[in-house]
Amino acid sequence: MDPIRCDAAEREPGVEIHHYVDVSATPDTVWEVLTDVVGWARWMPDIAAVEMVDRSLGEAYADAYVVARVNSTPSVWYVGPGVDRTTLAWENSCGDCDSRGEYRLESLDEHTTRTHISVHFTGASCPVAGVLGRYSLRD
């Protein structure tokens, strides 16, 4: 399966958020936390729980997770790493708002990693999702 990408050339008009957080940890440590998708609820305030989709359903669900957001209907997210250990991307469709995003890791020094976060929202409720998304990005 091809990695999920957040590619500007493929985007529809919508709302886009860019943010970064400097983390006092090595890129490998940050990578381990990011790729533990089931553990996202421990550090993302707007996510209540995450479960893997049953992998026996087939290859189409190899990167699928059910994500339950606070005050929202659970939805399926597709999460996949890029070609190296510096990019993790996701796609989600929930009601009339779709989102595509990525985390990109940049080593600032041997003890600090800058985590770039980009999210692109499209759909009728994307302006609302964009505003709410700004408040869900946590330092």
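**Exercise 1. The hairpin of β6 and β7**

Find how many residues lie between β6 and β7 in their hairpin, and how many bridges join the two strands.

*Solution.* Start with the turn: in this predicted model, β6 and β7 form a hairpin with two residues between them. Next, look along the strands, which run antiparallel and are joined by 11 bridges. To check one position, pick S107, whose bridge partner in β7 is T113. Then turn to the other partner of β7: nine bridges join β1 to β7, and these strands also run antiparallel. Here you can check V21, which has T115 as its bridge partner in β7.

**Exercise 2. How enclosed is β7?**

Work out how many of the residues of β7 are buried, and what that says about the strand.

*Solution.* Recall that a residue is buried when its relative accessible area is under 20%. By that cut-off, 10 of the 11 residues of β7 are buried, so the strand is largely enclosed by the rest of the structure. For the wider setting, take the protein chain of 139 residues, where buried residues make up 37%.

**Exercise 3. Follow the chain**

Write down the order of helices and strands along the sequence, then trace the hairpins around β4.

*Solution.* Begin with the count: the protein chain has two helices and seven strands. Reading along the sequence gives the pattern β-α-β-β-β-β-β-β-α. Now go to β3 and β4, which form a hairpin with five residues between them. In its turn, N71 has a positive phi of about 55°. Four bridges join these antiparallel strands, and A64 has Y78 as its bridge partner in β4. Move on to β4 and β5, which also form a hairpin with five residues between them. Their pairing is antiparallel and runs over five bridges, with V79 standing opposite W90 in β5.

**Exercise 4. Classify two aromatic pairs**

Decide whether the pair W40 and W77 is edge-to-face or stacked, and then classify W90 and Y103.

*Solution.* The structure holds four aromatic pairs. For W40 and W77, the ring centres are 6.0 Å apart and the planes stand at 75°; planes over 60 degrees apart count as edge-to-face, so this pair is edge-to-face. Now locate the partners: W40 is in the loop between α1 (27–35) and β2 (47–52), while W77 is in strand β4 (residues 75–81), so the pair ties together parts that are 37 residues apart in sequence. Both W40 and W77 are buried.

For W90 and Y103, the centres are 5.3 Å apart with 45° between the planes, and the pair is tilted. W90 sits in strand β5 (residues 87–94) and Y103 in strand β6 (residues 97–109), 13 residues apart. Relative accessibility is 6% for W90, which therefore counts as buried. Y103, at 7%, counts as buried too. Finally, put the pieces together: W40, W43, W77, W90 and Y103 form one aromatic cluster.

**Exercise 5. Look into the core**

Which residues have the most contacts inside the largest nonpolar core, and which elements give two or more residues to it?

*Solution.* First, the core has 24 residues, and those with the most contacts inside it are W40, V50 and V79. Second, the elements giving two or more residues are β1 (15–23), α1, β2, β3 (64–69), β4, β5, β6 and β7 (112–122). As a last step, consider contacts between residues at least 6 apart in sequence: in the protein chain, 47% of them join residues at least 24 apart.

Key. Residues are numbered from 1 along each chain as its sequence is written. This is a predicted model: local features need pLDDT of at least 70, side-chain atom pairs count only at pLDDT 80 or more; totals for chains, interfaces and linings use all residues. Side-chain values use heavy atoms; hydrogens and water are left out. Rings of Phe, Tyr and Trp (its six-membered ring) pair if their centres lie within 6.5 Å; planes under 30 degrees apart count as stacked, over 60 as edge-to-face and the rest as tilted. Buried means under 20% relative accessible area, exposed over 50%, partly exposed in between (1.4 Å probe, protein chains only). Contact means heavy atoms within 4.5 Å. A nonpolar core is a set of buried Ala, Val, Leu, Ile, Met, Phe, Trp, Tyr and Cys residues joined through side-chain atoms within 4.5 Å. Two strands pair if DSSP finds at least two bridges between them.
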